[in-house]
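This report describes the fold, the burial and the nonpolar core of one protein chain. The sequence and the model follow.

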Amino acid sequence: MQWCSDPTYREDLYRRRYDPHVRPVNELVDRLREEREGAFIPYVAPTYGGVNARLLALLQDPGPKTSTDNHNGSGMLCIENADPTAERYKALLSTHGIDVSDIQAWNSFPWRPTKRCRQRRTRRRVRPPRSLA
């Protein structure tokens with residue numbers, strides 16, 4: 001079961017988005033949202049390691065279940081999102097004995113790309129991960 005199917009679980013994640021270990025990451029999300037008005041950039045779930053993580057996992061871009069506009073969307077990067085990608089990611093971590101608290105996920109392109117954005121993708125993609133590091 002993917003826990004983000006449960007509204008109570010999603011609400012708990014959202015309430016804890018500024019827990020100390022993920023606060024700097026989600027404050028970066030807030031700054032990026034201000035810079036990219038109208039762009040949806042998901043927060044990072046507090047289940048990740050945040051500043052205590054030993055590994056940074058770079059993904060491509062936010063999947064549809066990160067958006068709260070979609071049924072069961074969490075608003076977060078989370079291995080518990082109710083979609084096949086999150087399910088595979090969760091299984092991969094489990095298979096290799098990697099605890100989610102040992103990693104910090106980030107998208108190399110933090111917002112859902114539009115056709116126009118794809119043309120400038122590479123140049124703009126690099127800035128947020130440098131800020132994250």
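## Order of elements

Along the sequence, the protein chain runs α-α-β-β-β-α-β-α-α-α, with six helices and four strands. Helices (H or I, at least four residues) and strands (E, at least two) are DSSP runs, numbered from the N terminus.

This is a predicted model, in which local features need pLDDT of at least 70 and side-chain atom pairs count only at pLDDT 80 or more, while totals for chains, interfaces and linings use all residues. Residues are numbered from 1 along each chain as its sequence is written, and side-chain values use heavy atoms, with hydrogens and water left out.

## Burial and contacts

Of the 133 residues in the protein chain, 45% are buried (under 20% relative accessible area, 1.4 Å probe, protein chains only). The exposed surface is about 7800 Å², of which carbon and sulfur atoms supply 49% (Shrake-Rupley method, 1.4 Å probe).

Contacts (heavy atoms within 4.5 Å) between residues at least 6 apart in sequence join residues at least 24 apart in 70% of cases.

## Helix 2 and the nonpolar core

Helix 2 comprises 13 residues, 23-35. Its first and last C-alpha atoms are 18 Å apart, close to the expected 18 Å (1.5 Å times one less than the number of residues). Its buried residues are Val25, Asn26, Leu28, Val29, Asp30 and Leu32.

The largest nonpolar core (buried Ala, Val, Leu, Ile, Met, Phe, Trp, Tyr and Cys residues joined through side-chain atoms within 4.5 Å) has 24 residues, and Tyr48, Tyr89 and Trp106 have the most contacts inside it. At least two core residues come from each of helix 1 (7-15), helix 2, strand 1 (43-44), strand 3 (76-77), helix 3 (84-95) and strand 4 (103-107). Helix 2 gives the largest share of this core, four residues.

Note on methods:
Buried < 20%, exposed > 50% of the residue type's maximum accessible area, 1.4 Å probe, protein only.
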